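Here is a quick tour for anyone opening this one for the first time. Take a look at the picture, and then we'll walk through it piece by piece.

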Amino acid sequence: MITLAHLSDTHVGGPPDARSRAERLVDHLLAMEPRPDALLVSGDIADHGRPEEYDEAVAVLDRWPGPRLVLTGNHDVRAPFRAAIEPFRSGTQPFASGTGSFGSGTESFASGTEPIASGTQSIGSGTESFGSGTESFASGTQSFGSGTESFGSGTESFASGTESFGSGIEPFASGAESFAAATEPFPSGTEPFSAGTDRFQNGTIPPVVGAVELDGLRLVGLDSLVDAVDGVRQDHGELDDDQLAWLDASLAEDDRPTFVCLHHPPVDIGLELMAPILLREPERLEDVLRRHPHVVATLVGHAHTAGATTFAGRPLLVGGGSASTVTLDAEPLGRIWQDAPPTLALHLLHDDGRLTTHWRAL
Ligand SMILES: [Fe+2]
């Protein structure tokens, strides 16, 4: 059996207790023995997308030492997200379920030193900087994931305007290279954000897509975040042709059981607050998933509720809400129930292929 922990919508920088609520969820996962095999955080990591919010979020999420997939949500902004977050971390050693390699939860790995996956990776913000127009977005030495993936080729300069942002920087995970062809060269002289604006333009930063490889399970992460328009956050989700083509190719290349993960639910789930801001044109995603029967379920965030429905003939599961809970209008709780405890999901993939999900309010 494989256990995937799933939390969502930490919104660090939003509600005053957003960080402590996320800490509570991570504390719970770290106290499990054995721990889950991997962690999914399905978007809305930061509330305003500010770099300092991501720094706080990283301090919480990096306490999780194992494989993980961290997605963007509508509240996120790609440039500072990518500068701060390590979104795709594959591997089964030494974190494999039942090995006890990480003990009872007392270990804490500082960013940049953890021996997850191949044991050779160097992770962290110490080699990346971002913001003034002269920094290198991708460090020249970073490698993370299974040990064969390169986050940055080592030669791209994010702001130089002379090199393609796409080639070389996209392969977060094997198979992601095909997506790079669709990316635009980063235009000369443009910055993805500037001081004094709350809602930075995402500009031409490529979507954060990739896969996390586990022993017997694959997590494929999509990026349904829509760029801000004139500094105004867009709350609905979209997946363009290039991203869907990448998904199709990624699913075709590996037939192990797979969770497809994105922030926005692609179907109505009965929450009035969410109905106008779901994933648009969900039938295009459904068409892809129906071609790949090894997709076990679609895992989403955004809805801030412990909920389940179906999509493309399979389960669609919401990872709860870390920062708050969204309710049905019919419930006497207010649309955003701030006093509800933070929730997470534990998805159990049984050896016979069945999926069981447990939600916890902590
Ligand atoms: Fe959210």
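## The big core

Let's start inside. The largest nonpolar core is made of 73 residues, and Leu40, Ile45, Leu219 and Cys261 have the most contacts within it. Helix α1 supplies the largest share of this core, six residues. As a rule, nonpolar side chains in soluble globular proteins tend to be buried together.

Leu219 is a handy place to look around. Leaving aside residues up to four places away in sequence, Leu219 touches Ala38, Leu40, Leu69, Ala211, Val212, Phe259 and Cys261.

## The whole chain

Keep in mind that this is a predicted model. The protein has six helices and 14 strands, and 48% of its 362 residues count as buried.

What about contacts between parts that are far apart along the chain? Of the contacts with a separation of 6 or more, 67% come from residues 24 or more positions apart.

## Helix α1 and its neighbours

Helix α1 covers residues 18–31, which makes 14 residues. From first C-alpha to last, α1 reaches 20 Å, close to the 20 Å expected at 1.5 Å a residue.

Which residues of α1 are buried? They are Ala18, Arg19, Arg21, Ala22, Leu25, Val26, Leu29 and Leu30. The buried residues of α1 pack against three strands and a helix: β1 (2–7), β2 (38–41) and β13 (343–349), plus α2 (51–61).

## An open sheet of six strands

Two of those neighbours, β1 and β13, sit side by side in an open sheet of six strands, whose order is β4-β3-β2-β1-β13-β14. The pairing in this sheet is mixed. At the edges are β4 (88–89) and β14 (355–361), each pairing on one side only.

At the β4 end, β3 (residues 68–70) and β4 pair in the antiparallel sense over two bridges. There, leucine 69 stands opposite phenylalanine 88 of β4. Leu69 also turned up earlier, among the residues that Leu219 touches.

## Strand β7 and its parallel partners

Now for β7, residues 258–261, which is covered on both faces. Thr258 and Val260 are buried on one side, and Phe259 and Cys261 are buried on the other.

β7 has a parallel partner in β6 (residues 217–221), with four bridges joining the two. Here cysteine 261 of β7 is the bridge partner of glycine 221. Four bridges also join β7 to β8 (residues 295–300), and these two strands run parallel as well. In that pair, valine 260 has threonine 298 of β8 as its bridge partner.

How does the chain get from β7 to β8? It crosses through helix α6 (residues 282–290), making a right-handed β-α-β crossover. β6 and β7 also belong to a right-handed β-α-β unit, with helix α5 (residues 241–252) as its helix.

## The two sides of α5

The twelve residues of α5 should span 16 Å at 1.5 Å a residue, and that agrees with its end C-alpha atoms being 16 Å apart. Buried in α5 are Gln243, Trp246, Leu247, Ser250 and Leu251. Why do these residues count as being on the same side of α5? Because they cover an arc of only 130° around the axis. In general, an α-helix has 3.6 residues a turn, so residues three or four places apart point the same way.

And the other side? The face of α5 turned away from its buried side carries Asp241 and Ala252, which are exposed.

Technical notes:
Residues are numbered from 1 along each chain as its sequence is written. This is a predicted model: local features need pLDDT of at least 70, side-chain atom pairs count only at pLDDT 80 or more; totals for chains, interfaces and linings use all residues. The expected span of a helix is 1.5 Å times one less than its number of residues. A residue is buried if 20 or more other C-beta atoms lie within 10 Å of its own, exposed if 12 or fewer, and partly exposed in between; C-beta atoms are placed from the backbone. Two residues are in contact if their C-beta atoms, placed from the backbone, lie within 7 Å. Two strands pair if DSSP finds at least two bridges between them. A nonpolar core is a set of buried Ala, Val, Leu, Ile, Met, Phe, Trp, Tyr and Cys residues joined through C-beta atoms within 7 Å. A crossover is right-handed if, with the strands pointing away from the viewer, the path from the first strand over the helix to the second runs clockwise. The arc is that of the directions from the helix axis to the C-beta atoms.
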